[in-house]
Amino acid sequence: MALVSVEGLDGAGKRTLIDRLVAQLRARGVRPATLAFPRYGRSVHADLAAEALRGGHGDVAASVNAMALLFALDRAGARDDLSKLLADNDIVILDRYVASNAAYSAARLEQPADGEIVAWVGGLEFGRFALPVPRVQLLLDVPTEVAVARARRRGELDESRALDAYERDGGLQRRTAEVYRELARRDWYGPWWTYRSGDDPADLAARLAEIAGE
């Protein structure tokens with residue numbers, strides 16, 4: 001069994017890529033499962049974070065650590081579900097995981113990937129909350145302008161996915177993209193692979209099938 005997280009900006013195309021990978025893995029006889037974070041509608045911590053990003057709960061959204069803690073508690077609450085998915089399948093692909101918390105928090109504070117907040121997030125989630133470390137973290141690296149435009153169009157078409165405070169901040173998105181790239185270059189908490197527009201999802205699925213069989 002292998003745990004893989006797909007990371008990237010809002011609008012990068014993570015969900016589309018994961019759907020393609022799942023189809024290709026099933027065609028290869030691999031049993032995949034997926035889980036998306038934050039678990040909006042299923043986790044009180046995720047819902048509190050979403051409400052804060054839309055102006056609720058006073059000054060919670062102004063605190064980088066408070067927001068990071070809410071997202072971390074969402075994942076901590078899913079630990080048993082995640083363990084069961086790993087036990088019942090060959091590979092579990094996550095739409096966002098701990099690295100998203102590290103990247104966005106660092107970008108908000110304008111800190112680099114080796115800064116204090118990234119270390120705090122990693123220690124909190126992988127250490128204190130004992131979340132499993134991914135076998136591979138996959139960075140879906142697309143131009144920031146493309147991701148921002150996609151997220152904006154998505155919000156216009158679907159009211160339930162209207163842009164939150166993070167998504168509306170173009171500067172934050174650009175800084176987050178750079179932190180993600182730094183995390184990938186440093187192989188933060190294990191190996192990272194980078195996937196870009198134009199790369200073949202079939203090749204990626206083949207690589208994932210290999211680690212699922214290890």
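These legends describe close-up views of a predicted model.

**View 1. Strand β4 sits under cover on both faces.**
Strand β4 covers residues 136-141. Six of its six residues are buried. In a regular strand, side chains alternate between the two faces of the sheet. One side of β4 carries V136, L138 and L140. The other side carries Q137, L139 and D141. Both faces are covered.

**View 2. Strand β4 pairs with β1 and with β5.**
Which way do β1 and β4 run relative to each other, parallel or antiparallel? They run parallel, and four bridges join them. Strand β1 spans residues 2-7. Its residue E7 stands opposite L139 in β4. β4 also pairs with β5, again in the parallel sense. Five bridges make up this pairing of β4 and β5. Here, D141 stands opposite R196 in β5.

**View 3. The largest nonpolar core holds 64 residues.**
Which residues have the most contacts inside this core? They are I91, Y97, L183, W188 and L208. Helix α5 gives the most to the core, with seven residues. Another core lies apart from it. That one has seven residues, including A52, L53, A61 and L70.

**View 4. L208 meets residues from several parts of the sequence.**
L208 is one of the residues with the most contacts inside the largest core. Leaving out residues up to four places away in sequence, L208 touches V4, L21, L25, I91 and W193.

**View 5. Helices α1 and α10 cross obliquely.**
Two packed helices are described by the angle between their axes and the distance between the axes. Helix α1 covers residues 14-27, and helix α10 covers residues 201-212. Their axes come within 9 Å. They cross at roughly 60°. That angle makes α1 oblique to α10. The crossing is right-handed. On the α1 side, the contact is made by L17, R20, L21, Q24 and L25. On the α10 side, P201, A202, L204, A205, L208 and A209 take part.

**View 6. Helices α3 and α6 run roughly parallel.**
Helix α3 covers residues 64-77. At what angle does α3 pack with α6? The angle is about 25°, with the axes 10 Å apart. Angles under 35 degrees count as roughly parallel, so α3 is roughly parallel to α6. The crossing of α3 and α6 is right-handed. From α3, the residues in contact are V64, N65, A68, L69, A72 and R75. They meet I117, W120, V121, L124 and E125 in α6.

**View 7. K14 is a buried residue of helix α1.**
Is K14 buried or exposed? Buried means under 20% relative accessible area. K14 has a relative accessibility of 8%, so it counts as buried. Leaving out residues up to four places away in sequence, K14 touches V6, E7, G8, L9, D95, R96 and L140. Residue L94 is 80 residues from K14 along the chain. The C-alpha atoms of K14 and L94 are separated by 9.6 Å.

**View 8. R186 in helix α9 touches A113 and D114.**
R186 lies in helix α9. Its contacts with A113 and D114 leave out residues up to four places away in sequence. How far apart are the C-alpha atoms of R186 and N65? They are separated by 23 Å, with these positions 121 residues apart along the chain counted as the step from one to the other.

**View 9. The peptide bond from F37 to P38 is cis.**
Most residues other than glycine have a negative phi, and most peptide bonds are trans. The bond from F37 to P38 is cis, with omega near -5°. Where does P38 lie? P38 is found in the loop between β2 (32-36) and α2 (44-53).

**View 10. E110 and Y189 each have a positive phi.**
E110 is not a glycine, yet its phi is about 55°. E110 sits in the loop between α5 (98-109) and α6 (116-128). E110 is exposed, with a relative accessible area of 60%. Y189 is also a residue other than glycine, and its phi is near 55°. Y189 lies in the loop between α9 (170-186) and β5 (192-196). At 33% relative accessibility, Y189 counts as partly exposed.

Methods:
Residues numbered from 1 in each chain as written. Predicted model: local features only at pLDDT ≥ 70, side-chain atom pairs only at ≥ 80, totals over all residues. Heavy atoms only, no water. Helix = DSSP H or I, 4+ residues; strand = E, 2+ residues; numbered from the N terminus. Buried < 20%, exposed > 50% of the residue type's maximum accessible area, 1.4 Å probe, protein only. Core = buried A, V, L, I, M, F, W, Y, C linked by side-chain atoms within 4.5 Å. Contact = heavy atoms within 4.5 Å. Pairing = 2+ DSSP bridges. Axes fitted to C-alpha atoms, helices over the stretch in contact; angles between N-to-C directions. Parallel < 35°, antiparallel > 145°, perpendicular 65-115°, else oblique. Left-handed = near helix turned anticlockwise from the far one by under 90°.
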